[in-house]
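Colleague: Please take one part of this protein and look at it closely. A strand with a charged residue in it would suit me. Then set that part against the rest of the chain.

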Amino acid sequence: MNRTRTIIAALAYNTAPEAHIPDRTRNGLAARSLWIAALTALLAEPRAAAAQDPASISLVGPVEQTAAPQADGQSGSGQQPPGGVKAPPPRKKRDKVKLHWRSASLEYGKKFRLDFRSKIRGETRASDAAVTKEALDELDIPRRRIGFDGRILQAAAFKVDYELDSANHLGKPTPPWRDVYVDITQLEEVQFRYGQFKMPFSLDENTGSQDLDFAYRSAAATLLAPSRARGWMLHGDTLGGFIGYEYGAFTTDGSNAIVHTSEKRVNAGPTTAWRVTLEPLRGSSSPLADVHIGYAETSGDLPEGISGIKGRTVLGADFYKPEFYVSGRRERRGFEFQWRPGPASVKMESITLTEERKGQSVDDTDLSPYQVKGWYVSGWSAFPGERKSRGLDRPLHPLFQGGIGALEAAVRVEKITFGSVASGIGSRSPRADVLPYNEDRILSVSGNWYPNRWIKVQLTVATEEFADPSIVYRTLRPTPTFCSRVLRLQFSI
């Protein structure tokens, strides 16, 4: 507008009579030139001004204009934008269902997530003539498992696992449902789980099969930890994960102790279990930040009958099969420790199980409790450049993607001992106070390869030595020392 006013003023000035210019011809030519320049400027002025000053729109007639929407959280001034058109309200993003093929998961915004899981495992096993061929044939059973888990908002989690070919270590049918539970997780300090799941006892038993450093769990975890049962559990973390707790009540003593081969053998009924864990330097930059310490106990009542807690080798063949009577309380006490400062890590655990034998002597008095003790110490190292605490099933440099995947070497020393609390010369009588003593000393070495996130190749070699090979069960030859091998290929989604 200022420019237009300047041009009009210039026209008025140049068209006025000027006495000091006598040449009329020159004066008329200059005036016509100014008129042409002024008209050209006036025709071009409204377009340029419209882009700079909204008030200039009136020079060229009404123009429709839409105001830009305000940013979220800003309040308007109450005035409508030029042209009288009201700005539309901002659109909210709608949640969409997304299917992630790579991770086999389905999610609906942040409200719901469902992860599909499947596992196919094939393996070959062998032993140096210590186990009969019939036992090896029954043991060589690959597993095929499917399932899913997920979350609803930040309030609940759930998991379902189903074994397609379910059988125990002797090839006998077992219930196909594994983990089936729902977990209320809205509060980190107090959470509630209900269904069928692993009882809060033993670090090794509660480690997922994909994360195991050996083809089989330790003898202490396999034979003495309770494993899965139906029930409920309160659990949570306090003080930023400094202290964790778990307390639950279950209908049985767990699937590891259930014996499917004889109705004479008994298992504990309703059982309570609790565990407390401590991570004193969690979240710090100290090399001890990943130190984990825990203590756990279980307790349940045993009906009168023959104990179901047996001794088995790493390949599942019986070597200590009790034929004595028990009655009273079955209790467990366990201590666990783990430290994963980097590529090299260490883990150890000890478990003691006792079963009372109340009123089981020949004159109906109490006998010394049946006792089984187990412990192990294991160490492992991951390379190249991998960390166990981060998880090796997702290698930093997968095969055919700039690397060879993750490699791991592990070694474990363990011992499990069977007998009674009372010491002395044992007797095989079912009413004896001092029970026969035997122990299995195991040294295991394992090499693991994770070429990518879906495949795991594992080779584990173990040597076992019995303290008294003369009393081993009939499926084993009386050999003091023997070697077993397991080669496993596992595919997981």
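Modeller: First, a term. Helices and strands are DSSP runs, helices of at least four residues and strands of at least two, numbered from the N terminus. The model is predicted. In it, the protein has four helices and 21 strands. One loop shows how the numbering is used: Phe400 sits between strand S17 (367-383) and strand S18 (406-420). I will come back to Phe400.

The part I choose is strand S20, which spans residues 455-466 and holds Lys456. Start with that lysine. Lys456 is buried, yet it has no salt bridge. Its nearest side chain of opposite charge is Glu408, 5.9 Å away. Side chains of opposite charge can pair when their charged atoms come close. The limit used for a salt bridge is 4 Å between nitrogen and carboxyl oxygen. At 5.9 Å, Glu408 is therefore not counted as a salt-bridge partner of Lys456.

What does the side chain of Lys456 meet instead, in the way of a polar contact? The partner is the side chain of Tyr450, at 3.3 Å. Tyr450 also appears among the residues in contact with Lys456 once neighbours within four places in sequence are set aside. So that you can find them on the structure, here is that list in three stretches of sequence. One holds Ser209, Gln210, Asp211 and Leu212. Another holds Trp449 and Tyr450. The last holds Arg488, Leu489 and Gln490.

Now move along the strand. Val461 also belongs to S20. Is Val461 buried, partly exposed or exposed? Val461 is partly exposed, because its relative accessible area is 31%. Lys456, by contrast, is buried. Leaving aside neighbours within four places, Val461 touches Leu443, Ser444 and Val445. It also touches Cys483, Ser484 and Arg485. One further pair gives you a distance to check: Val461 and Leu487 are 26 residues apart in sequence and 8.8 Å apart in space, C-alpha to C-alpha.

Contacts across the sequence matter for the whole chain too. Take the contacts with a separation of 6 or more: 63% of them join residues 24 or more positions apart. Of the 493 residues, 41% are buried. The exposed area is about 27000 Å², and carbon and sulfur atoms supply 59% of it.

Set the unpaired lysine against lysines that do pair. The protein has 30 salt bridges. In one of them, Lys310 meets Asp318 at 3.3 Å, N to O. Lys310 counts as buried because its relative accessibility is 4%. Asp318 is buried too, at 6%. The salt bridges of Glu107, Arg113, Asp115, Arg117 and Asp149 share partners, joining these residues into one network. Inside that network, Arg113 and Asp115 meet at 3.2 Å. Arg113 is partly exposed at 30% relative accessibility, while Asp115 is buried at 10%. Another lysine, Lys159, pairs with Asp161 at 3.9 Å. Here Lys159 is partly exposed at 24%, and Asp161 is buried at 8%.

Next, the surface. Val182, Ile184, Leu187, Val190, Phe192, Tyr194, Trp232, Leu234 and Tyr247 make a nonpolar patch of about 800 Å². Three elements give two or more residues each to this patch: strand S6 (177-184), strand S7 (191-198) and strand S8 (228-238). Leu187 lies in the loop between S6 and S7. Leu187 counts as exposed because its relative accessibility is 51%.

Last, two backbone angles in loops. Ser227 lies between helix H4 (219-224) and S8. Its phi is near 70°, a positive value in a residue other than glycine. Ser227 is buried, at 3% relative accessibility. Now back to Phe400. Its phi is near 65°, also positive and also not in a glycine. But Phe400 counts as exposed, because its relative accessibility is 76%.

To return to S20: keep Lys456 in view as a buried lysine without a salt bridge. Its side chain has a polar contact with Tyr450.

Notes: Residues numbered from 1 in each chain as written. Predicted model: local features only at pLDDT ≥ 70, side-chain atom pairs only at ≥ 80, totals over all residues. Heavy atoms only, no water. Buried < 20%, exposed > 50% of the residue type's maximum accessible area, 1.4 Å probe, protein only. Lys, Arg positive; Asp, Glu negative; His and termini not counted. Polar contact = N/O pair within 3.5 Å; in protein donor to acceptor, adjacent residues only side chain to side chain. Contact = heavy atoms within 4.5 Å. Patch = residues over 30% accessible without salt bridge, like charges linked within 9 Å, V, L, I, M, F, W, Y side chains within 5 Å. Areas by Shrake-Rupley, 256 points an atom, 1.4 Å probe, with all protein chains shown as cover.
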